[in-house]
Amino acid sequence: MEFYELTIAEAHEKLVKKEISSFDLTKAFLRRIEELNESFFSYLTVTSNLALSQAKKVDDLISRGEKIDILAGIPLAIKDNILVKGEKCTAASKILEDYIAPYDATAVKKIKEKGSVILGKTNLDEFAMGSSTENSAFGATKNPRDISRVPGGSSGGSAAAVAANMCCYALGSDTGGSIRQPASFCGVVGLKPTYGAVSRYGLMAMASSLDQIGPITKTVEDAKIVFEVISGKDPLDSTSIEFQQIVARPVSDLIIGIPKEYFIKGTDPEVEKIIRASIKKLESLNIKIEEISLPHTEYALSCYYIVMPSEVSANLARYDGIKYGYSVVRQKREGTKDLLDVYLRSREEGLGEEVRRRIMLGTYALSAGYYEAYYLKAQKVRTLIKQDFEKAFKKVDLILTPVSPAPAFKIGEKITDPLTMYLSDIFTIAPNLAGLPAISIPAGKVGELPVGLQVVGKPFSENTILEFGQFFEKNIKVF
Amino acid sequence: MISKKEVEHIAKLARLGVSQKEVNKFQKELSKILDYFKKLEEMDISDVEPTSHSVLLENIKREDKADPQEIETKKDLLEAVPKEKEGYIKVKSIL
């Protein structure tokens with residue numbers, strides 16, 4: 001087995017036993033990135049110096065015989081909308097092409113304190129807006145399982161980097177499926193934690209009531225390891241919460257709900273077959289399965305595509321050519337008349353197509369005369385979607401669904417039609433609207449293309465989800 | 001279908017410069033997406049309370065006092081500013 005194939009847990013064991021050094025492990029990944037990044041374009045920035053200096057520090061600790069944390073010396077990649085102090089942070093946008101992060105995101109600070117090794121920053125759809133990573137201003141990431149296809153998005157660079165062994169694990173962010181859908185498309189594990197479980201400080205805000213940072217890993221065990229490090233209340237994010245995990249019940253005692261609204265026309269029959277087969281296998285292992293209903297599911301997509309752009313239009317007002325980033329002021333061009341002109345032209349030239357579309361949509365939904373018909377209505381629908389889950393979770397412990405209606409699609413296939421692209425989020429957005437934790441776990445393949453199973457739980461029941469995930473990984477052999 | 005004039009008005013509210021070509025494009029795309037939202041019209045939800053956040057939030061206040069540790073960050077922040085003068089951000093005239 002090559003070094004770069006190791007999971008966090010395996011690499012940690014080898015570091016402790018001194019079978020490998022963090023320096024060699026890091027070097028192996030950097031070589032791998034050098035070899036493969038041109039084909040897959042997972043990384044926007046490679047931080048070799050930072051990585052090697054962090055690795056040496058951990059090796060020093062080990063050689064002095066000190067106890068090291070489980071993440072110490074383990075190389076990871078970070079989505080390029082999460083700040084790492086002193087390194088570029090572009091959000092895959094021209095407007096932040098040369099932006100240097102002035103501080104660490106709290107999640108980054110936490111993994112740094114554990115001695116993690118940061119290999120670089122990964123590609124995404126501009127400001128995390130997209131489902132394919134094609135909306136990056138710097139080029140599309142390719143799916144390592146099939147180079148003609150998208151890796152999903154928006155955390156496509158992170159998922160592809162994990163799938164291609166260009167890092168041991170990665171951090172992503174998820175607003176409507178941006179961790180789970182690329183994890184599903186690339187055949188890796190992706191966890192979106194409960195809203196408020198992980199601090200959003202230092203994550204570039206897209207839709208603040210929906211965004212969460214989470215791990216993308218090779219195994220469920222690794223997702224658990226990373227989640228435990230990055231979660232917790234942070235005074236710098238007033239929406240982060242001091243929480244107690246619900247005690248995980250043994251998997252054999254769990255009742256699993258299957259929502260009938262998630263098995264609908266329009267889902268690829270091969271995808272449905274894989275998910276159904278997984279459920280059957282669980283039943284044969286004496287896991288209790290129950291059909292449930294989430295009656296407002298069909299309204300979730302409309303609700304999401306009103307709430308999210310509304311928040312986007314407010315959050316992206318900060319990219320205005322005044323405080324940082326691309327600005328026509330910097331271009332020293334003739335003819336910039338006044339302040340308004342700086343706003344209009346910096347945002348016209350600096351922001352990409354999808355970002356501008358969502359700002360327009362959100363501004364429309366919030367504007368006088370339309371607020372009640374769109375934004376307020378969507379917030380009410382959000383209440384109903386949340387109540388659907390609350391009712392369901394009185395009867396069941398976990399809910400299983402497909403992650404996406406189809407496996408990875410071809411590059412260029414959906415990019416010209418925004419609405420078709422939005423539909424690929426149809427199964428992942430409801431947990432964000434309700435603030436629930438959800439994971440994507442590989443469940444099978446259509447040809448060479450991976451298909452993920454989504455497991456949704458009650459707020460702060462990550463332990464239950466992860467325990468079930470490990471059981472699933474072990475007992476439902478799919479690959 | 002929303003009008004070109006509405007698209008231009010929204011773009012101005014959003015402080016987005018748009019070309020005429022883009023106005024045409026936005027008109028078509030936004031109309032199509034807004035049509036999709038018509039689905040919500042079939043619901044009677046006058047009695048439902050709106051949800052802005054999935055978790056209950058309360059206002060959290062702190063003292064209005066600068067953190068001395070952040071002085072260093074101020075330097076970094078100012079370095080990113082397109083035009084700076086004596087520690088302030090310089091902008092073009094408003095009128």
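These exercises cover the fold of chain A and its interface with chain B in a predicted model.

**Exercise 1.** Work out whether the radius of gyration of chain A agrees or disagrees with that of a compact globule.

Solution.
- Step 1. Chain A has 479 residues, and a compact globule of that length would have a radius of gyration near 23 Å.
- Step 2. The value for chain A is 22 Å, so the two agree.
- Step 3. The C-alpha trace of chain A spans about 70 × 60 × 45 Å along its principal axes.
- Step 4. Of the 479 residues in chain A, 61% are buried.

**Exercise 2.** Describe the secondary structure of chain A and of its annotated domain.

Solution.
- Step 1. Chain A holds 15 helices and eleven strands.
- Step 2. An unreviewed UniProt entry annotates residues 24-466 of chain A as "domain: Amidase".
- Step 3. Within residues 24-466 of chain A, helix accounts for 37% and strand for 14%, and the end C-alpha atoms lie 31 Å apart.

**Exercise 3.** Find which element of chain B gives the most residues to the side that touches chain A, and state the class make-up of that side.

Solution.
- Step 1. The interface pairs 42 residues of chain B with 54 residues of chain A.
- Step 2. The elements of chain B that give two or more residues to this side are α1 (4-13), α2 (20-37) and α3 (71-79).
- Step 3. α2(B) gives the most, with seven residues.
- Step 4. The side of chain B that touches chain A has 27 nonpolar, seven polar and eight charged residues.

**Exercise 4.** State the predictor's confidence in chain B and in the complex.

Solution.
- Step 1. Chain B has an average pLDDT of 90, with 100% of its residues scoring at least 70.
- Step 2. Among the elements of chain B, mean pLDDT is lowest for α3(B), at 85, and highest for α1(B), at 97.
- Step 3. The complex receives an ipTM of 0.94 and a pTM of 0.97.

How values were computed. Residues numbered from 1 in each chain as written. Chains lettered and ligands numbered in written order. Predicted model: local features only at pLDDT ≥ 70, side-chain atom pairs only at ≥ 80, totals over all residues. Contact = placed C-beta atoms within 7 Å. Helix = DSSP H or I, 4+ residues; strand = E, 2+ residues; numbered from the N terminus. Nonpolar A, V, L, I, M, F, W, Y, C, P; charged D, E, K, R; others polar. pLDDT = per-residue confidence, 0-100. UniProt positions renumbered as here; feature names shortened; annotations may be inferred. Rg over C-alpha atoms; globule rule 2.2 N^0.38 Å. Buried ≥ 20, exposed ≤ 12 C-beta atoms within 10 Å, placed from the backbone.
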